[in-house]
Amino acid sequence: MLVLIRGAGDLASGIALRLFHAGLSVVMTEIARPTTIRRTVAFSQAVAQGKTQVEDVTARLCQVEDVAGVLAAGEIPVLVDPEAAAIPVLKPQVVVDAILAKKNWGTAITDAPVVIGVGPGFTAGVDCHAVVETMRGHTLGRVIWNGSALPNTNIPGLIGGFAGERVLRAPADGIFQPALEIGALVKAGDVAGYVGEKAMVCTIDGVLRGILPPDTPVRKGMKSGDVDPRGCVENCTTASDKALAIGGGVLEAILQKTGVLR
């Protein structure tokens, strides 16, 4: 079974890990310049590096004509294909929209026999067959067969007693330059990056779990980093509980829709 995942950020990569380990063939698409924060656990890094590894799985940047060879090598192909033009070429049995744009950027229920929308912006039965909940809390990872996910609140989920304080945002429009590496232990007041001469300052203690790569164009207020108050450096190199929970929901939806669970 071939699954095409739109998006290759950290949550999409958690989905890919779950599906890959379950024995499904996975292809991912990305934009030419990803803005992934948690780069150490995102297959989107293959766009800049040619190949990358998340946990025990390798992804490789390739062209559509090379997908079969990369899959045969036991790797995940990553295509620079923001419009998902590869869908009619590859004819996947499943399409998962995990761009997490909080809106649908063109995925249709007719794209594949099974189409799954991840998070808000999709309606099961209208533009996809199922939606998987992404909001932290009691319904995280649940499969929705009728209706939509909970609306976006723009408030990050609570981790270690902190929510919005965890997110680092660009202090101005311009070109972002990180001052620290992912995995650095930080204190409130530490500078994590710059836009020009304006500093992006940490507001809590913890570990820098994610930060934009150098020379990334940003707008003021754009999410540019993430501090985990639990301070566990090892968490920076493994898929999050949230990503794996969502991945479990996507796998459940695929198995149910294809009849494997019947």
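Seven salt bridges are counted in this chain. The model is a predicted one.

**Salt bridges**

Three of the pairs are set out here.

| Acidic residue | Basic residue | Closest N to O distance |
|---|---|---|
| Glutamate 75 | Arginine 60 | 2.7 Å |
| Aspartate 226 | Arginine 166 | 3.4 Å |
| Aspartate 205 | Lysine 187 | 3.9 Å |

Take glutamate 75 and arginine 60, whose side chains meet in a salt bridge. The pair links distant parts of the chain, 15 residues apart. Glutamate 75 lies in the loop between helix 3 (67–72) and strand 5 (76–80), while arginine 60 belongs to strand 4 (residues 57–61). Glutamate 75 counts as buried because its relative accessible area is 15%, under the 20% limit. Arginine 60, at 29%, is partly exposed.

Aspartate 226 and arginine 166 form another salt bridge. Here 60 residues separate the partners. Aspartate 226 sits in strand 17 (residues 223–228). Arginine 166 is in the loop between strand 9 (143–144) and strand 10 (167–169). Both residues are buried. They also belong to a salt-bridge network, which links Arg166, Arg209, Asp226, Asp228 and Arg230.

Lysine 187 and aspartate 205 also meet through their side chains. This pair joins two loops, 18 residues apart. Lysine 187 is in the loop between strand 12 (185–186) and strand 13. Aspartate 205 is in the loop between strand 14 and strand 15 (206–211). Lysine 187 has 52% relative accessibility and so counts as exposed, the cut-off being over 50%. Aspartate 205 is partly exposed at 39%.

**Strands 11, 13 and 14**

Strand 13 (residues 191–195) pairs with strand 11 (residues 174–178). The sense is antiparallel, over three bridges. Glutamine 177 stands opposite tyrosine 194 of strand 13.

Strand 13 also pairs with strand 14 (residues 198–201), again antiparallel, over four bridges. Glycine 193 has methionine 200 in strand 14 as its bridge partner. Strands 13 and 14 form a hairpin with two residues between the strands. In that hairpin, glycine 196 takes a positive phi near 65 degrees.

**The nonpolar core**

Nonpolar side chains tend to be buried together in soluble globular proteins. In this model, the largest nonpolar core has 38 residues. Ile5, Leu19, Met28, Phe43, Val96, Ile116 and Val250 have the most contacts inside it.

Which residues does valine 250 contact, leaving aside its neighbours within four places in sequence? They are Ile15, Leu19, Val96, Ile116, Val118 and Val132.

Definitions and conventions
Residues are numbered from 1 along each chain as its sequence is written. This is a predicted model: local features need pLDDT of at least 70, side-chain atom pairs count only at pLDDT 80 or more; totals for chains, interfaces and linings use all residues. Side-chain values use heavy atoms; hydrogens and water are left out. A nonpolar core is a set of buried Ala, Val, Leu, Ile, Met, Phe, Trp, Tyr and Cys residues joined through side-chain atoms within 4.5 Å. Buried means under 20% relative accessible area, exposed over 50%, partly exposed in between (1.4 Å probe, protein chains only). Contact means heavy atoms within 4.5 Å. Two strands pair if DSSP finds at least two bridges between them. A salt bridge is a side-chain nitrogen of Lys or Arg within 4 Å of a carboxyl oxygen of Asp or Glu.
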